[in-house]
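The following account leads the reader through one protein chain, starting from a pair of strands and moving outward. Please keep the sequence and the three-dimensional view at hand while reading.

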Amino acid sequence: MINARRHLLIILLCNLPLFPVFAEECQGIQFPDQIQVGNTELSLNGLGLREATVFKVNVYVAALYLESPSTDAENILQSGQTKQLTLQFLRDVSREDISKAWSEGFATSAGDALPTFAERISTLNNWMRDIAKDERLTFIYQPDTGLQVAVDSTIHGPIQGEDFAKAFFAIWLGAKPPNAGLKTGLLGGACG
């Protein structure tokens with residue numbers, strides 16, 4: 001009787017639906033170890049915490065997914081591979097603040113090339129809305145498609161151009177990220 005129960009338990013456990021394995025957690029937010037973008041499997045490269053102001057207010061947890069994980073920011077930016085960056089917000093953030101952050105981030109990451117991105121930055125800003133705590137912004141770059149943006153469950157895009165994608169991801173992975181710990185975490189270091 002005990003063997004029959006054990007056998008039944010094993011059968012039941014083997015037939016349970018598979019759920020994603022959550023590999024990393026930061027600030028109580030969990031992200032799966034791997035995701036699928038189209039036909040491409042991406043692995044979690046790292047999690048970073050965005051802190052704002054001198055008071056280090058926690059704004060969002062960012063998760064970076066890559067085809068080939070790396071700790072080399074420049075290699076990631078130059079690779080041209082499929083990438084996904086997901087921002088899960090820890091507080092409410094207004095559309096104006098998000099748009100201002102994009103504009104400031106591109107000014108830093110694009111340098112002299114900023115004027116060539118003006119129209120595309122405007123498009124990105126037009127897709128933004130107020131983001132509530134626990135909502136997500138997801139950015140997916142595919143070389144043959146461009147940069148797609150999901151504002152919670154609404155998908156926009158794509159924005160064309162590998163140059164734009166590089167400048168976009170350089171906001172987090174470039175020489176002057178919004179805060180140093182954010183970049184460190186996305187490159188596989190500690191989050192927060």
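Strands β6 and β7 are joined by six bridges and pair in the antiparallel sense. Within this pairing, Leu85 has Phe139 of β7 as its bridge partner. The model that shows this is a predicted one, and β6 is the element with the highest mean pLDDT, 97.

On its other pairing, β7 meets β8, again in the antiparallel sense and over six bridges. A hairpin of three residues leads from β7 to β8, and Tyr141 stands opposite Leu147 of β8. Strand β7 is mostly covered, with six of its seven residues buried. Ile140 belongs to this strand and counts as buried because its relative accessibility is 19%, which falls under the 20% limit. Its surroundings draw on several parts of the chain: not counting residues up to four places away in sequence, Ile140 touches Val37, Lys83, Gln84, Gly146, Leu147 and Gln148. The C-alpha atoms of Ile140 and Leu85 are separated by 6.6 Å, although the two residues are 55 apart along the chain.

These pairings are part of an open sheet of seven strands, with antiparallel pairing and the order β3-β4-β5-β6-β7-β8-β9. Which strands stand at the edges of the sheet? They are β3 (34-37) and β9 (154-159); each has a single partner strand, so one side of each is left without a neighbour in the sheet. From one strand to the next, the twist averages 25°.

At one of these edges, β9 runs antiparallel to β8 (residues 146-151) and is joined to it by four bridges. Val151 has Thr154 of β9 as its bridge partner. The loop between β8 and β9 contains Asp152, whose phi is positive, at about 55°, although the residue is not a glycine. Asp152 is partly exposed, because its relative accessible area of 38% lies between the limits of 20% and 50%. Further along, the peptide bond from Gly157 to Pro158 is cis, with omega near 15°, and Pro158 is found in strand β9. A second backbone feature of this kind is found in the loop between α4 and β7, which holds Asp134. Phi of Asp134 is near 80°, a positive value in a residue other than glycine, and Asp134 is partly exposed, with a relative accessible area of 49%. For context, most residues other than glycine have a negative phi, and most peptide bonds are trans.

Helix α5 lies across β5 (57-66), β6 (83-89), β7 (136-142), β8 and β9, and runs at about 135° to β7. The aromatic residues provide a further view of how this helix is placed. The structure holds 12 aromatic pairs. One of them is formed by Phe117 and Phe164, which are edge-to-face at 6.0 Å centre to centre and 65° between the planes. This pair links distant parts of the chain, since Phe117 is in helix α4 (residues 114-127) and Phe164 is in helix α5 (residues 162-173), 47 residues apart. Phe117 counts as buried because its relative accessibility is 4%, and Phe164 counts as buried because its value is 0%. Phe168 and Phe169 form another edge-to-face pair, with 5.4 Å between the centres and 90° between the planes; both Phe168 and Phe169 are buried. Ring pairs join these four residues with Trp102, Phe106, Phe139 and Trp172 into a cluster. Phe139, a member of this cluster, is also the bridge partner of Leu85. Lys83, one of the residues that Ile140 touches, lies over the face of Phe169 at 5.8 Å from the ring centre.

For the chain as a whole, the secondary structure comes to six helices and nine strands. Of its 192 residues, 43% count as buried. Among contacts between residues at least 6 apart in sequence, 58% join residues at least 24 apart.

It remains to consider the confidence of the prediction. The mean pLDDT of the chain is 87, and 86% of its residues reach 70 or more. Helix α1 (residues 2-14) has the lowest mean pLDDT among the elements, 38. Over residues 1-21 the pLDDT is below 50, and this stretch has three contacts in the model beyond near neighbours in sequence. Where pLDDT is low, the predicted coordinates should not be read in detail.

Terms used:
Residues are numbered from 1 along each chain as its sequence is written. This is a predicted model: local features need pLDDT of at least 70, side-chain atom pairs count only at pLDDT 80 or more; totals for chains, interfaces and linings use all residues. Side-chain values use heavy atoms; hydrogens and water are left out. Rings of Phe, Tyr and Trp (its six-membered ring) pair if their centres lie within 6.5 Å; planes under 30 degrees apart count as stacked, over 60 as edge-to-face and the rest as tilted. Helices (H or I, at least four residues) and strands (E, at least two) are DSSP runs, numbered from the N terminus. Buried means under 20% relative accessible area, exposed over 50%, partly exposed in between (1.4 Å probe, protein chains only). A charge sits over a ring if NZ of Lys or CZ of Arg is within 6 Å of the ring centre and within 35 degrees of the ring normal. Two strands pair if DSSP finds at least two bridges between them. Axes are lines fitted to C-alpha atoms, for helices over the stretch in contact, and angles run from 0 to 180 degrees between N-to-C directions. Contact means heavy atoms within 4.5 Å. pLDDT is the predictor's confidence in each residue, from 0 to 100.
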